[in-house]
Amino acid sequence: MRVLLPRLLHRLHRPWTAVLTAVVLLASGFTAVSASGAESGCRVDYTVNRWTGGYTAQIKVTNLGPALNGWRLNWTYAGDQQVTSAWNASVTQTGSSVVAVGSGWNGTLATGGAADFGLQGTWRSSDPAPVDFSLNGTPCGGDGTPPPTTPPTTPPPTTPPTTPPPTTPPGEDCGNAVICSDFEDQTGPAPSGAWQFTAPDCQGTGTAAVDTAVAHSGSRSLRVDGGTGYCNHAFVASTADLSSVGPVMHVRMWVRHTTALPAAHVTFVSLPDGSQAGRSLRVGGQNGALQWNRESDDATLPAQSPVGVALSRPLPTGSWQCLRFAIDTTAPGLDTWLGDEQIPGLHADGVPTQDIDQQWLARTTPPRPTALRLGWESYGTGDDTLWFDDVTVGSAPLGC
């Protein structure tokens, strides 16, 4: 039985006058923070989407002082938040102090100009609103006179690119990986060569293409426009044979999508499994969170109870996400990471855990994935547009 996990998301914005005001709207939901002053040097709008153990934040910094040719935004986390990835800015963290530096194309801020960037992170015991925002050393709410900065050696373009700058360089060393693809070898609009379109069971309205407008690295990615409706399959399959990869198969990919995972069951990664007579291990979503599904018996990881779903994570939209799997081909072992976070609900180690792996451990034969397919499969409702890039499969782990 599919269990729909209710979610309540609320937003509220309250401007600052002279001090920081944090408004926490929901223990698991959105927090909006604004920082500014009547004569301040900057304004910061910090909007966070929080779930148990993790969060994403969208940040907008507005320069209210003199023009800046290179900007640096500092803040302090009052809880135990840890930044794991970012886009449209370079973000580093030391203890509770965080620094965001503008990228080349958004590194200048005119008076009244603004830059937007985002980040993803984890937390354990608390996730209160950040404090002490400052822009180039001037507190938001300060005297409005940021110190001068050293201009970059190469002036940034006046028009930002359509996608965030790459964080993984093309041609990275993938070691002995059987699949190591950034799709730069794709020369036409349709997948070709080592990647072929396929509709494993039945084909509907879904399509796949090589995209030259959106990429995580280089200039190309794989785009899938997935349609809604049962048996609407659209995948691009690697021609590589994975049947000898192991004993632990490590899969890493960067994925970006546009629509939140629905309540109904969907799949965007499919691994044909030799131990299931070719039926697939499937990675997708249900009840708004990431899940594994086994085609042979429809077992899920985690269990689709409210507690089980809460131990998984949503797949954030509108930004590149690093998704990694480790599949043991000799024993019941499976792990999943989103960025640097190991997702507790997507972990199986052979020891039964309530609300996680009751169904999964009903089958004791270890999996033997033989191929990799990327795309979209809907089993009821739900459509999405997805991009895949920097995909690796091998016997050794490769980080984000």
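These are my notebook entries on a predicted model of a protein.

**Entry 1: overall composition**

I began with the secondary structure and found 1 helix and 28 strands in the protein. I then looked up burial: of the 400 residues, 51% count as buried. For the accessible surface I noted a value of about 16,500 Å². Carbon and sulfur atoms account for 55% of that surface. I also looked up how contacts are distributed along the sequence. Among contacts between residues at least 6 apart in sequence, 68% join residues at least 24 apart.

**Entry 2: the sheet of 5 strands**

I asked in which order the 5 strands of this open sheet stand. The order I recorded is S8-S9-S6-S12-S13, and the pairing is antiparallel. The edges are held by strand S8 (89-94) and strand S13 (138-139), each of which pairs on one side only. I next examined one pair inside this order. Strand S6, residues 72-76, runs antiparallel to strand S12, residues 131-135, and 3 bridges join the two. Within this pair I located Asn 74, which stands opposite Ser 134 of S12.

**Entry 3: the sheet of 7 strands**

I then traced an open sheet of 7 strands, again with antiparallel pairing. Its order is S15-S18-S27-S20-S21-S22-S23. Why is one side of S15 and of S23 left without a neighbour in the sheet? Strand S15 (195-198) and strand S23 (299-301) stand at the edges and each has a single partner strand, so one side of each has no neighbour there. I also looked up the turn between neighbouring strands of this sheet, which is 25° on average with direction ignored.

From this sheet I selected the pair S20 and S21. Strand S20 covers residues 266-272 and strand S21 covers residues 280-286. They pair in the antiparallel sense over 6 bridges. For Pro 272 I recorded Ser 280, in S21, as the bridge partner.

**Entry 4: Asp 45**

I closed with a single residue, Asp 45, which lies in strand S3 (residues 42-51). Is Asp 45 buried or exposed? Its relative accessibility is 16%, and buried means under 20%; Asp 45 therefore counts as buried. I then looked for a partner of its side chain. The side chain of Asp 45 makes a polar contact with the side chain of Arg 43, at 2.9 Å.

Notes:
Residues are numbered from 1 along each chain as its sequence is written. This is a predicted model: local features need pLDDT of at least 70, side-chain atom pairs count only at pLDDT 80 or more; totals for chains, interfaces and linings use all residues. Side-chain values use heavy atoms; hydrogens and water are left out. Two strands pair if DSSP finds at least two bridges between them. Helices (H or I, at least four residues) and strands (E, at least two) are DSSP runs, numbered from the N terminus. Buried means under 20% relative accessible area, exposed over 50%, partly exposed in between (1.4 Å probe, protein chains only). Contact means heavy atoms within 4.5 Å. Accessible areas come from the Shrake-Rupley method with a 1.4 Å probe; for residues, only the protein chains shown count as cover. A polar contact is a pair of N or O atoms within 3.5 Å; within protein, one must be able to donate a hydrogen and the other to accept it, and residues adjacent in sequence count only if both atoms are side-chain atoms. Axes are lines fitted to C-alpha atoms, for helices over the stretch in contact, and angles run from 0 to 180 degrees between N-to-C directions.
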